[in-house]
Amino acid sequence: MTGERNERVAAVAEDLIESAKEVLHRHDVTHSEYRAAWRWLIGLADSGEIPLFLDVFFESTVERLTNDRKPGSEGAVQGPYYKPGASRLEPPYVLPMRDDEPGEPILFTGSVTDLDGRPLPGVTVDWWQAGNDGTYSGIAEGVPEWNLRGVMETDAEGRFQVRTIRPAPYHIPDSGPTGELLGMMGRHSWRPAHFHVMLSKEGYETLVTQLYFEGDPWLEKGDCVDAVKPSLIIDIGKSEDEQLAGSYGLRTPFLTAGYTWQLRGAA
Ligand code: MBD
Ligand code: FE
């Protein structure tokens with residue numbers, strides 16, 4: 001006997017292996033093709049892209065299975081680039097960024113409520129995003145370690161406001177095994193521009209989700225991760241509010257966006 005039998009693992013692993021064997025039969029896969037795939041997989045492991053590969057191809061399916069048809073705001077894939085431990089910011093919130101951070105500044109206003117629409121104060125808002133140059137800190141070379149990552153909290157009205165920059169459409173690394181596979185499949189490696197957020201509060205289910213922007217061409221042409229849901233697409237507006245601009249160090253007019261999330265109670 002090796003390990004202890006786990007019924008769930010046995011059921012899923014057996015089916016997964018059977019499905020793979022069916023595919024080998026269906027396509028008459030040769031031994032040299034098998035070795036080429038074998039080398040590709042080893043290259044995938046060596047490149048450190050296993051998290052990227054798994055999240056690109058499989059996370060959206062699992063996320064939908066977990067969250068669909070449940071009340072409250074919709075979730076979205078976490079993706080491979082979340083890093084726990086970002087700094088807690090102090091209001092007025094400004095995400096950590098470089099002095100010459102590329103991209104247009106945007107003031108985002110978030111609200112969090114329960115399923116009855118009652119405001120939820122004290123919700124932890126963990127926010128991460130790529131820059132306007134399509135890079136994530138901690139992943140891309142040459143970006144300050146916690147750039148565009150921060151932890152905030154909703155106020156007594158269940159609100160928070162943060163100054164950040166509008167991200168650009170993003171493509172996953174093209175030069176590694178994941179991009180190589182997408183290329184060989186004739187698929188592109190683009191995602192629409194997005195914010196990532198994780199909302200958590202004691203007594204409520206943690207919500208991991210994303211927001212996308214109306215008018216982004218990749219919403220039409222397709223997300224390589226297939227994670228977009230219509231309820232997560234927001235409009236970008238403009239504000240002339242001098243007072244608000246002043247408190248966030250912005251010049252008018254500035255871009256605005258917002259969203260209200262509804263959290264469901266913990267099971
Ligand atoms: C990303 O930025 C991302 O959000 C996901 C889900 C997968 C790859 C890169
Ligand atoms: Fe992302």
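**Exercise 1. The open sheet**

Work out in which order the five strands of the open sheet in this predicted model are arranged, and which strands stand at its edges.

*Solution.* Begin with the order, which is 4-3-8-9-10, with mixed pairing. Then look at the ends of that order: strand 4 and strand 10 (233–234) each have a single partner strand, so one side of each is left without a neighbour in the sheet.

**Exercise 2. Two pairings within the sheet**

Determine how strand 3 runs relative to strand 4, and how strand 8 runs relative to strand 9.

*Solution.* Take strand 3 (residues 124–129) to start with: five bridges join it to strand 4, and the two run antiparallel. Within this pairing, tryptophan 128 stands opposite arginine 149 of strand 4. Turn next to strand 8 (residues 195–200), which is joined by five bridges to strand 9 (residues 207–213), again in an antiparallel arrangement. Here methionine 198 stands opposite valine 208 in strand 9.

**Exercise 3. Buried or exposed?**

Decide whether strand 4 is largely enclosed or not, and whether glutamate 220 is buried or exposed.

*Solution.* For strand 4 (residues 149–153), four of the five residues are buried, so this strand is largely enclosed by the rest of the structure. Glutamate 220 belongs to helix 5 (residues 217–221). Its relative accessible area is 73%, and because exposed means over 50%, glutamate 220 counts as exposed.

**Exercise 4. The span of helix 2**

Compare the reach of helix 2 with its expected span, and find what follows the helix.

*Solution.* Helix 2 (residues 31–47) has 17 residues and reaches 24 Å from its first C-alpha to its last, close to the 24 Å expected at 1.5 Å a residue. After helix 2 comes glycine 48, whose phi is positive, near 80°.

Technical notes. Residues are numbered from 1 along each chain as its sequence is written. Chains are lettered from A and ligands numbered from 1 in the order in which they are written. This is a predicted model: local features need pLDDT of at least 70, side-chain atom pairs count only at pLDDT 80 or more; totals for chains, interfaces and linings use all residues. Side-chain values use heavy atoms; hydrogens and water are left out. Buried means under 20% relative accessible area, exposed over 50%, partly exposed in between (1.4 Å probe, protein chains only). Two strands pair if DSSP finds at least two bridges between them. The expected span of a helix is 1.5 Å times one less than its number of residues.
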